[in-house]
Amino acid sequence: MRVRRCGALVIEPCEVPSLDIGDLLAGGDGLRTRFEIRVWAAHLDEHRRVSPEQAQWLLHCSAECWQDMPTDADSRALALSLLELDLLVAEGVPDGASDPVPAQRSVSQDDHWWPLAAIHHRHSRWQGVDSVTDMERNHLVTAHDLRRRLGSPPPAVPEHPSVDPQIGLPEVPMSELESLGRRRVTCRNFDAGRSVSMAQLAAVLQQTFRAHGQLEPAPDLVFLKKNVPSAGGLHPVEACLLVQRVEGLAPGLYRYHPLRHALATLVPHEAFDADMAGRFLAGQHWFADAAVLVIFVCRFERSLWKYRNHRKVYRAMMLDAGHLSQALYMAATECGLGAFVTSAINEIDIEKVLALDPLKEGPLAICGMGWRAQERTTAELDPLESVWPAPSGA
């Protein structure tokens with residue numbers, strides 16, 4: 001049997017604080033620090049704790065070249081322990097066995113991820129997180145909570161030094177586009193009893209995700225023309241829809257086809273449940289009543305095909321999601337709907353429902369849209385009072 005190290009990992013020395021009650025009662029400060037070594041790998045959902053000897057063995061093991069299992073007992077034991085932790089990849093038949101070891105998933109140069117980006121992506125995903133409960137537990141819900149617990153933030157608009165006096169710019173008449181942008185306000189109060197029309201849904205998807213043209217400059221190399229920019233013109237981000245209330249459309253999960261302008265059912269409708277939105281949104285109940293949730297699923301393979309092992313490609317894919325979220329906001333606002341975007345989502349839960357391989361495609365954010373409620377029960381940032389006018393006499 002031969003082994004090699006998994007392709008993308010980081011070894012992190014950590015100091016873990018703990019409370020020593022005995023020391024505290026004896027008059028000490030009660031603080032103790034435990035040292036541990038953590039290994040973060042791009043193909044694992046959790047870090048692995050290793051000994052200094054295991055870490056040293058990893059550091060001297062190639063990720064590209066296979067090497068025979070060591071023959072001395074101590075080194076062999078270390079290698080086997082690292083195999084059990086999924087930090088080594090093996091091929092062949094172990095001594096004394098009749099069957100080869102099972103194939104193991106790792107990240108190699110062939111996956112085209114820059115290793116640090118792959119590790120960051122893998123380990124920044126959430127599963128089963130209730131972010132609202134966490135906010136309430138830490139008393140970080142309202143603006144006053146934030147100010148009291150965190151102090152003053154950096155200024156919203158810092159004053160930068162200037163060699164010469166500032167140059168004032170002329171006021172220009174407000175365009176329809178600017179007027180629409182001023183009415184764009186994140187919605188946190190959705191009408192849970194009102195459906196959006198099929199025409200409204202179609203309009204938002206058409207303006208945001210539809211491919212209005214395509215170009216094939218070489219065989220099997222197709223570029224799409226959409227209303228938003230994309231790094232390399234690759235448009236890796238697609239729309240998966242969790243539909244809750246659309247006239248003429250059964251509640252469920254769909255994937256939008258940008259060329260056909262059509263929806264394909266992803267999972268059987270009976271698999272849909274009313275709590276799915278809350279789970280996907282990590283407990284953000286003020287968003288969960290939106291009529292439609294649009295999950296931004298990024299096909300990483302599409303961008304990695306061109307930007308191989310590139311340090312900027314992950315950032316570029318995130319920028320693509322930003323372009324799409326603003327486009328969706330504007331389209332929904334034009335249709336008279338409220339909208340939101342959030343990256344506080346349970347990616348792993350979404351991946352399991354949609355059967356996604358997290359290193360090939362995965363959710364980056366969720367946008368939602370629907371009719372605004374008649375009353376504002378959750379605060380919204382609307383300083384221009386374009387959605388919620390100030391009470392008369394205020």
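Does Glu12 count as buried, exposed or partly exposed, and at what relative accessibility? In this predicted model, Glu12 has a relative accessibility of 30% and therefore counts as partly exposed, because the buried class ends at under 20% and the exposed class begins at over 50%. The residue belongs to strand S2, which covers residues 9–19. Once its neighbours within four places in sequence are left aside, Glu12 is in contact with Glu36, Ile37, Arg38 and Trp40, and with Trp40 there is also a polar contact of 2.7 Å between the two side chains. Glu159, by contrast, stands 147 residues away from Glu12 along the chain, and 39 Å separates the C-alpha atoms of the two.

From Trp40 one may turn to the aromatic residues, which form six pairs in the structure. A pair of this kind is described by how far apart the ring centres are and by the angle of the planes. For Trp113 and Tyr314 the centres are 6.0 Å apart and the planes make an angle of 50°, an arrangement that counts as tilted. Trp113 is found in the loop between strand S6 (88–91) and helix H4 (115–123), while Tyr314 is part of helix H12 (residues 313–334), so this pair ties together parts of the chain that lie 201 residues apart in sequence. With a relative accessibility of 2%, Trp113 counts as buried, and Tyr314, at 11%, counts as buried too.

Another aromatic pair, formed by Trp286 and Phe287, is edge-to-face, with 6.2 Å from centre to centre and 75° between the planes. Trp286 and Phe287 are both buried, and ring pairs link these two residues with Phe190 and Phe340 into a cluster.

Aromatic rings also meet charged groups in this model. The charged end of Arg4 sits over the ring of Trp66 at 4.8 Å from the ring centre, and that of Arg184 sits over the ring of Tyr329, where the distance to the centre is 4.6 Å.

Helix H12, which holds Tyr314, is also packed against another helix. Its partner is H8 (residues 198–208), and the two axes are 9 Å apart and meet at an angle of about 145°, in a crossing that is right-handed. On the H8 side the contact is made by Val204, Gln207 and Thr208, and on the H12 side by Leu324, Ala327, Leu328, Ala331, Ala332 and Glu334.

Terms used. Residues numbered from 1 in each chain as written. Predicted model: local features only at pLDDT ≥ 70, side-chain atom pairs only at ≥ 80, totals over all residues. Heavy atoms only, no water. Helix = DSSP H or I, 4+ residues; strand = E, 2+ residues; numbered from the N terminus. Buried < 20%, exposed > 50% of the residue type's maximum accessible area, 1.4 Å probe, protein only. Contact = heavy atoms within 4.5 Å. Polar contact = N/O pair within 3.5 Å; in protein donor to acceptor, adjacent residues only side chain to side chain. Phe/Tyr/Trp six-rings, centres within 6.5 Å; stacked < 30°, edge-to-face > 60°. Lys NZ or Arg CZ within 6 Å of the ring centre and 35° of its normal. Axes fitted to C-alpha atoms, helices over the stretch in contact; angles between N-to-C directions. Left-handed = near helix turned anticlockwise from the far one by under 90°.
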